[in-house]
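Visitor: Please take a close look at one part of this model, a place where two helices meet, and describe how it is packed.

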Amino acid sequence: LLSPKVRIIFLQRKNLLRAEVSGCIAKQTKVWQIFNLDEETKQVYRNLKPVPLKEFADGLEYAKELRDYYEGVIARRPKGTYLQVFYEDFYSGDLAANRAAAKRVFEFLGLDLPDVDELDYHIDPRTSKINTPETYALLPNANEINERFGNDDTGWLFGDDDAGALVETRV
C-alpha cells in the first residue's frame with residue numbers, strides 16, 4: 001500500500017454505525033446484495049432478533065481501528081496516488097451527486113464512464129441499496145444501539161442532522 005507506483009482507491013464508510021448494523025442484519029437474513037432480497041426473505045426482516053450489544057461493540061471498535069489504521073497508511077502516500085471516496089457519496093438521494101462521485105473514480109483510473117442507464121442501476125439507492133433507516137428500525141434494539149453507540153465519530157442510525165433522534169419501530 002505504500003508503493004507510489006500503485007494507485008489506490010480508498011473506499012470507506014463515513015457512518016460506521018450504519019455499516020455495522022447492516023452487517024448484523026445481513027448475518028441474520030443472509031442477504032448481502034439486493035438481488036438476494038425476495039419476498040420470502042423480506043419476511044425475515046420482520047423477525048429480526050436483537051443484536052448482542054457486546055458483539056456489536058466489538059465489531060464497531062474493530063471497524064474504527066481499521067479505519068484509523070488505513071487512514072494513517074493512506075496519509076503517508078504521495079498526493080495523486082490515491083483517491084479517498086465514501087460509500088455514502090455513491091448512494092445518496094441525489095443521483096447527480098452519485099454520478100459525480102462515480103465520475104471521480106473513473107477519471108482517477110483513466111476510464112470512460114459506462115452509459116448513464118448502466119451506471120444509474122448501480123448507484124441509484126432504489127435499485128442497489130438494501131438497508132435504510134426504515135430497515136434499521138426493524139432491528140428490535142436499534143434505538144438502544146443508536147443511543148449507546150451513536151456519536152459524531154461513528155455516525156447515527158437515524159437522520160444525519162437529528163443527532164440521536166429515535167424512530168418508532170414498525171413491524
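Guide: What follows takes up one helix contact and then the nonpolar cores. The model is predicted, so local features need pLDDT of at least 70 and side-chain atom pairs pLDDT 80 or more, while totals for chains, interfaces and linings use all residues. Residues are numbered from 1 along each chain as its sequence is written, and side-chain values use heavy atoms, without hydrogens or water.

Helix H1 covers residues 16–29 and helix H3 residues 53–75 (helices are DSSP runs of H or I, at least four residues, numbered from the N terminus). Their axes lie 10 Å apart, at an angle of about 130 degrees (lines fitted to C-alpha atoms over the stretch in contact; angles run from 0 to 180 degrees between N-to-C directions). H1 is therefore oblique to H3 (neither under 35, over 145, nor 65 to 115 degrees). The crossing is right-handed (the near helix is turned clockwise from the far one by less than a right angle).

On the H1 side, Leu-16, Leu-17, Glu-20, Val-21 and Cys-24 make the contact; H3 contributes Phe-56, Gly-59, Leu-60, Ala-63, Lys-64 and Arg-67 (heavy atoms within 4.5 Å). Seven of these residues are nonpolar, one is polar and three are charged (Gly counts as polar, Cys as nonpolar).

Val-21 also touches Phe-56, Tyr-136, Leu-139, Ile-145 and Leu-157, leaving aside residues up to four places away in sequence. The largest nonpolar core has 22 residues, and Val-21, Phe-56, Leu-139, Ile-145 and Leu-157 have the most contacts inside it (buried nonpolar residues joined through side-chain atoms within 4.5 Å; buried means under 20% relative accessible area, with a 1.4 Å probe and protein chains only). H1, H3 and helix H9 (142–149) each supply at least two residues of this core, and H1 gives the largest share, five. Another core, of nine residues, lies apart from it and includes Leu-83, Ala-101, Ala-102 and Val-105.

Terms used: Buried < 20%, exposed > 50% of the residue type's maximum accessible area, 1.4 Å probe, protein only.
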